[in-house]
Amino acid sequence: MREQASQTPLDSHARPTTPPPARARRSARRLDRYDLMARVAEGGMGEVHLALRRGSRDFRRWVAVKLMHPDVLGPSLYVEMFEREARLAARLDDPHICAVHDFGETDGTHFLVMEYLHGQSLGDALSRMRTPGLPPRIAARIVADAARGLHAAHTHRDDDGAPLPVVHRDVSPQNLFVLYSGTTKVVDFGIARPAGHDQQLTRTGEVRGKVAYMAPEQLRGHTPSPAMDVWALGVVLWECLTGRRLFREATDAETITRVLEAPIPTPRAVRAVLPGELDEITLHALSRDPNTRYASALDLARDLEAFITLGGDDGRDAVAEYLTHTFAAEKSARERLLRTLARDEAPADADPAPTPPETDAEPAPEPLPTRTQPRAQHLPAALTLALGAAAAGLLAGAWIRSRAPSPPVAHAAPA
């Protein structure tokens, strides 16, 4: 049974570290009410900045600002997709979803403002595991939070109060962000779609998402449904508990075959110390028949929380302690950098982050030509990841195109 689980370790979620930040070169740049302090990611559609909103009486707030390159404003499809992302994400108001604060256009530049997340992506947390698999209550708390955020999207209503459920379609460790406070948020609704709607802005035959986390019916091209996100959470939970990849193989074709046909071992068959309650919960989420899967992400969250409370609390303190201890150096360096940038009188741009190593995400297309890059400071990987997971993944959703069966869309956070 154990041999039927993927032999790929979870270090495929790892990101390289970068040297300490170099001395910043100031370059005043202001967009509407936001001081753009450092550029942390760039792609063919746009770029993401760490920004500071200043107000009276020393008020300030860190945010992530995504800008759309003026070069691509010509194709109306790209503008429509950018605006659609902003409208959709802004309406998803839940403590377990990365919040969108603002959207607008200034001097021909379209921008989207999102909350700054102080923590690490689950993908990076998994790459740093001190044991083969996360502690069970920590894994359960992280996935339960994500399930509650997705339930909010699945039960979304339009302005008239009519149900308009939104399906994420790209749930994976890279798109779940764990804060140092112990709370987990879902990020990157860049390829989300209303449940029951046609694949608008997606060409016929295209498949978007990471195939190792896609539900069988999603691989077959069925209409988006909340059950697809529940399946993906089941995969994430299995991998958090075991410290191994469940379906990923060397090629997409092999991965798809495993998703559709391979027996799914219980987590305890791979890691014998796990409690039996989590076996039942995990396999319920991983039912290949969506009709026998959890009826909602909320049902999954409730079962996980029932297990968590056996330990006497809600488990968030344990998540916070684990993450803070595991990333102590990164947390300290990032906080020092934020204090340094906040004291600057003028914002400073930063060079784009280095290209990440190969993961289960398809490489991004080449950036648009003839863009002048200012010299600036280099951000540490921890800060880049924090903003990248919350924002840079949205850049990829607009300019990645896949084939069916296809490599997964590149939504991994930049390093």
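**Close-ups from a predicted model**

**View 1. A left-handed crossing of α5 and α8.** The crossing of these two helices, α5 and α8, is left-handed. This is a predicted model, so to speak, seen one corner at a time. Helix α5 covers residues 226-242 and helix α8 covers residues 276-285; the pair packs at an angle of about 145°, and the axes sit 7 Å apart. On the α5 side, the contact is made by V230, W231, G234, L237, W238 and L241. Helix α8 brings L278, I281, T282 and A285 to meet them. Sort the contact of α5 with α8 by class and you get eight nonpolar residues, two polar ones and no charged ones.

**View 2. P132, out in a loop.** Look for P132 in the loop between α2 (122-127) and α3 (136-154). P132 has a relative accessible area of 62%, which is over the 50% cut-off, so it counts as exposed. Exposed or not, P132 has company from elsewhere in the sequence: leaving aside neighbours within four places, it is in contact with L241, T242, G243 and R271. One of these, L241, also turns up in View 1, on the α5 side of the contact with α8. For another long-range pairing, take P132 and V270: they are 138 residues apart along the chain, yet their C-alpha atoms are separated by 9.9 Å.

**View 3. The second largest cavity.** The model holds four cavities of 30 Å³ or more, and this close-up picks the second largest, with about 60 Å³ of space. Twelve residues line it, and R169, D170, V171, Y213 and A232 are the ones that lie nearest its centre. Helix α5 is back again here: it gives the largest share of the lining, three residues. Unlike the α5 contact with α8, which has no charged residues, the lining of this cavity includes four charged residues, along with five nonpolar and three polar.

**View 4. T184, tucked into strand β10.** T184 belongs to strand β10, which runs over residues 184-186. Its relative accessibility is 0%, and since anything under 20% is called buried, T184 counts as buried. What is T184 in contact with, once neighbours within four places in sequence are left aside? The list is H96, I142, D145, L176, F177 and V178. Two of those partners, I142 and D145, fall within the 136-154 stretch of α3, the helix that follows the loop of P132 in View 2.

Methods:
Residues numbered from 1 in each chain as written. Predicted model: local features only at pLDDT ≥ 70, side-chain atom pairs only at ≥ 80, totals over all residues. Heavy atoms only, no water. Axes fitted to C-alpha atoms, helices over the stretch in contact; angles between N-to-C directions. Helix = DSSP H or I, 4+ residues; strand = E, 2+ residues; numbered from the N terminus. Left-handed = near helix turned anticlockwise from the far one by under 90°. Contact = heavy atoms within 4.5 Å. Nonpolar A, V, L, I, M, F, W, Y, C, P; charged D, E, K, R; others polar. Buried < 20%, exposed > 50% of the residue type's maximum accessible area, 1.4 Å probe, protein only. 1 Å grid on protein atoms, 1.4 Å probe; cavity = no way out; pocket = protein on both sides within 12 Å on 5 of 7 lines; lining within 4 Å. Points joined across faces, edges and corners; volume = space filled by probe spheres on them.
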